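Subject: Structure handover

Hello,

Here is the structure I said I would pass on. Please look it over first; my notes on what was found follow below.

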Amino acid sequence: MKKLLAILLALVLVLSFAACASTNETTAEDTNNTAETTDATTDTDTAEDADTADEAETADDAETSDAAFTTVEEGKLHMSTNAAFPPYEMVADGEGFQGTGYEGIDVEIAYAIAQKLGLELVVDDMDFTAALEAAQSGKSDMVMAGVTVNEDRLAVMDFSDSYATGVQVVIVTEDSPIATLDDIEGKLIGTQKGTTGFTYASDTPENGGYGEDAVIGFDNGLSAVQALKNGQVDCVIIDNAPAQSFVAENPGLKILDTEWVTEDYAIGVAKGNTALLDAINGALAELIADGTVQGIIDTYITAE
């Protein structure tokens with residue numbers, strides 16, 4: 001009897017150990033499976049997060065590239081100018097350069113810039129001051145009219161890199177008593193309103209000018225030259241390139257040998273319009289580098 005009880009007790013112990021072993025193995029497997037599932041889930045989530053981050057970065061890049069310039073009229077680049085400033089901008093007899101109705105250095109450079117930007121050039125002709133104000137207020141995309149950069153203009157507009165150099169000279173009649181720049185003192189000077197020539201000449205003598213009373217501003221250079229021929233002013237201060245044209249077309253006039261001032265021309269845009277300015281500068285840099293700008297200038301201004 002005791003022997004039988006001992007056998008039964010042994011069997012119970014064996015079965016108990018087997019059950020414990022089975023339970024431990026199942027627990028271990030469950031633990032491993034859980035860990036593997038967790039790792040897989042983590043890997044998947046990490047991959048998805050990475051993909052999401054990549055997509056977001058791509059979207060940001062796309063938005064950055066799409067944060068391109070805008071123009072006042074879709075598909076067009078409006079250039080405000082005063083088309084009475086040969087050889088930089090002039091009203092054409094016919095269709096003008098590329099059908100714009102205008103011609104000149106600024107017109108051709110502006111057209112080349114528009115082509116680089118995939119836009120159609122539109123030339124808006126008005127008086128010089130209005131041309132500046134149009135670009136300043138965003139009514140035009142840019143102003144090109146032999147515009148030089150000064151502190152007053154920098155306060156209300158942004159400017160491109162320079163694309164040409166302008167020299168201001170003095171036109172007088174051939175029999176004029178004005179033979180040098182020193183002789184201008186005390187004389188009546190004609191200039192184009194809104195230009196740096198008008199600004200500098202009408203400034204105080206302490207600042208190198210002749211005073212407001214000594215200067216008359218005209219709507220354009222041609223009107224100033226006509227006033228000189230009529231005896232309304234004693235001389236005209238204007239850029240050399242148009243001065244050469246005016247003198248060639250009006251016998252009895254001449255240009256003093258000494259340059260009055262030298263300046264650089266640039267393109268003006270509305271203050272803070274960085275995207276458009278960057279686009280213009282990029283196109284302009286390419287056109288300068290490949291010789292297009294100089295080629296256009298040489299077409300209109302021959303070496304003396």
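Two helices, α3 (128-137) and α4 (151-154), each supply at least two residues of the lining of the second largest pocket. This is a predicted model, and the notes below should be read with that in mind. Of the elements around the second largest pocket, α3 gives the most to the lining, with 4 residues. The full lining consists of Thr-129, Leu-132, Glu-133, Gln-136, Asn-150, Asp-152, Arg-153, Val-156, Met-157, Gly-194 and Thr-199. By type, these residues divide into 3 nonpolar, 5 polar and 3 charged. The volume of the second largest pocket is about 200 Å³.

One of the lining residues, Glu-133, also leads to the next site. Its C-alpha atom is 9.1 Å from that of Ser-80, although the two residues are 53 apart along the chain. Ser-80 belongs to strand β1 (residues 76-81). Is Ser-80 buried or exposed? Its relative accessibility is 0%, so Ser-80 counts as buried. Leaving out residues up to four places away in sequence, Ser-80 touches Asp-124, Met-126, Ala-131, Ala-134, Ala-135, Ser-140, Met-142, Val-143 and Met-144. With Ser-140 there is also a polar contact, side chain to side chain, at 3.0 Å.

A second buried polar residue is Gln-168, in strand β8. Gln-168 counts as buried because its relative accessible area is 2%, and the cut-off for buried is under 20%. The side chain of Gln-168 makes a polar contact with the side chain of Glu-263, at 2.8 Å. Apart from neighbours within four places in sequence, the residues in contact with Gln-168 are Thr-196, Gly-197, Ile-237, Ile-238, Asp-239, Asn-240, Glu-259, Trp-260, Val-261 and Glu-263.

Strand β8 (164-173) comes up again with helix α7, as one of the elements that the buried residues of α7 pack against. The others are β2, α6 (221-229), β11 (235-239) and β12 (253-255). Helix α7 covers residues 240-249, and its buried residues are Ala-241, Pro-242, Ala-243, Ser-245, Phe-246 and Val-247.

Two points of backbone geometry are worth a look. Most residues other than glycine have a negative phi, and most peptide bonds are trans. Against that background, Pro-86 and Pro-87 are joined by a cis peptide bond, with omega about 5°. Pro-87 sits in the loop between β2 (84-85) and β3 (89-91). The other point is Gln-98, a residue other than glycine whose phi is positive, near 55°. Gln-98 lies in the loop between β3 and β4 (102-103). Its relative accessible area is 51%, so Gln-98 is exposed.

Finally, some totals for the chain. The chain has 9 helices and 14 strands. Of its 304 residues, 40% are buried. Which contacts account for 74% of those with a separation of 6 or more? They are the contacts between residues 24 or more positions apart. The chain exposes about 16,400 Å², and carbon and sulfur atoms supply 51% of that area.

Regards

Key. Residues numbered from 1 in each chain as written. Predicted model: local features only at pLDDT ≥ 70, side-chain atom pairs only at ≥ 80, totals over all residues. Heavy atoms only, no water. Buried < 20%, exposed > 50% of the residue type's maximum accessible area, 1.4 Å probe, protein only. Contact = heavy atoms within 4.5 Å. Polar contact = N/O pair within 3.5 Å; in protein donor to acceptor, adjacent residues only side chain to side chain. Areas by Shrake-Rupley, 256 points an atom, 1.4 Å probe, with all protein chains shown as cover. 1 Å grid on protein atoms, 1.4 Å probe; cavity = no way out; pocket = protein on both sides within 12 Å on 5 of 7 lines; lining within 4 Å. Points joined across faces, edges and corners; volume = space filled by probe spheres on them. Nonpolar A, V, L, I, M, F, W, Y, C, P; charged D, E, K, R; others polar.
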